[in-house]
Amino acid sequence: MNAIILALPPRIIAEHITFIPSFSPETNLSLINKPTWMAGQAKAIAVYDEPFWRKDGLSGYVLSWVGPLQEIHDASPNTGPGALFGFFSMPPDVRQQVEGKEVLEQVKAQLIRLFGPSAIKVWTTYTISGE
């Protein structure tokens with residue numbers, strides 16, 4: 001017996017990967033309709049040239065009640081660029097009332113408060129997903 005393990009949301013598998021033999025229509029529909037934990041949760045990621053917080057002895061893990069991100073994680077690989085990934089505590093209706101650039105500025109300001117002035121040097125733009 002051969003097996004493949006995929007660590008992807010079921011709907012992504014059903015919509016973007018072709019299997020031979022193909023799944024039955026019922027199985028395919030089941031994958032597309034399968035709820036994915038945290039899929040609708042808004043997230044932000046900031047990518048830097050390096051995970052500078054590690055040099056300062058910081059883990060990159062934060063729980064915060066001040067700022068738009070409530071939970072932040074170090075999403076960096078072992079070597080190479082650094083990434084801070086966070087879940088928004090700001091409700092969708094509030095985010096929609098605030099201009100997109102302002103939300104991103106609030107995220108950046110929070111990361112600067114938490115991780116210091118090195119957080120100003122963002123390598124790529126902050127992105128928000130999961131509206």
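**Notes on a predicted model**

1. Let's start with a charged pair: arginine 54 and aspartate 74 make a salt bridge, with their closest N and O atoms 2.9 Å apart. (A salt bridge here is a side-chain nitrogen of Lys or Arg within 4 Å of a carboxyl oxygen of Asp or Glu.) Arginine 54 sits in helix α3 (residues 52-55) and aspartate 74 in strand β3 (residues 69-74), so the pair ties together parts that are 20 residues apart in sequence. Helices (H or I, at least four residues) and strands (E, at least two) are DSSP runs, numbered from the N terminus.

2. Before going on, a word on the ground rules. This is a predicted model, where local features need pLDDT of at least 70 and side-chain atom pairs count only at pLDDT 80 or more, while totals for chains, interfaces and linings use all residues. Residues are numbered from 1 along each chain as its sequence is written, and side-chain values use heavy atoms, with hydrogens and water left out.

3. Back to the salt bridge: how covered are its two partners? Arginine 54 counts as partly exposed at 35% relative accessibility, and aspartate 74 is partly exposed too, at 22%. For these labels, buried means under 20% relative accessible area, exposed means over 50%, and partly exposed is in between (1.4 Å probe, protein chains only).

4. How many salt bridges does a search of the whole structure find? The search turns up two. Besides the pair above, lysine 55 bridges to glutamate 50, and here the closest N and O atoms are 3.0 Å apart. Lysine 55 counts as exposed, at 62% relative accessibility, whereas glutamate 50 is partly exposed, at 35%.

5. Now zoom out to the whole chain. You should find five helices and five strands, and reading along the sequence gives the pattern α-α-β-α-β-β-β-α-α-β. The chain has 131 residues, and 27% of them count as buried. About 8,800 Å² of the chain is exposed, with carbon and sulfur atoms supplying 60% of that. (Accessible areas come from the Shrake-Rupley method with a 1.4 Å probe; for residues, only the protein chains shown count as cover.) Looking at contacts with a separation of 6 or more, 59% are between residues 24 or more positions apart. Contact means heavy atoms within 4.5 Å.

6. Take a look at glutamine 110, in helix α5 (residues 100-115). Is glutamine 110 buried or exposed? It is buried, because its relative accessible area is 0%. A polar atom of the glutamine 110 side chain lies 2.7 Å from the backbone oxygen of leucine 69. Leaving aside residues up to four places away in sequence, glutamine 110 touches Ser64, Val66, Gly67, Pro68, Leu69 and Ile72.

7. On to the aromatic rings. Rings of Phe, Tyr and Trp (its six-membered ring) pair if their centres lie within 6.5 Å; planes under 30 degrees apart count as stacked, over 60 as edge-to-face and the rest as tilted. By this rule the count is six aromatic pairs. In one of them, phenylalanine 19 and phenylalanine 23 have ring centres 4.6 Å apart and planes at 35°, so the pair is tilted. Phenylalanine 19 is partly exposed, with a relative accessible area of 25%, and phenylalanine 23 is partly exposed at 34%. Phenylalanine 52 and tryptophan 53 make an edge-to-face pair, 4.9 Å centre to centre with 80° between the planes. Both phenylalanine 52 and tryptophan 53 are buried. Ring pairs also join Tyr48, Phe52, Trp53 and Phe115 into a cluster.

8. The loop between α1 (10-16) and α2 (25-33) deserves a visit too, and isoleucine 17 is found there. Isoleucine 17 is partly exposed, at 32% relative accessible area. Together with Ile4, Leu6 and Leu8, Ile17 forms a nonpolar surface patch of about 350 Å² accessible area. (Patches are made of residues with over 30% relative accessible area and no salt bridge: like charges are joined within 9 Å, nonpolar side chains (Val, Leu, Ile, Met, Phe, Trp, Tyr) within 5 Å.) Proline 21 also has its place in the loop between α1 and α2, and the peptide bond leading from isoleucine 20 to proline 21 is cis, with omega near 0°.

9. One last stop: asparagine 33, in helix α2. Asparagine 33 is exposed, with a relative accessible area of 53%. Its C-alpha atom is 6.9 Å from that of arginine 11, although the two residues are 22 apart along the chain.

Methods: Polar contact = N/O pair within 3.5 Å; in protein donor to acceptor, adjacent residues only side chain to side chain.
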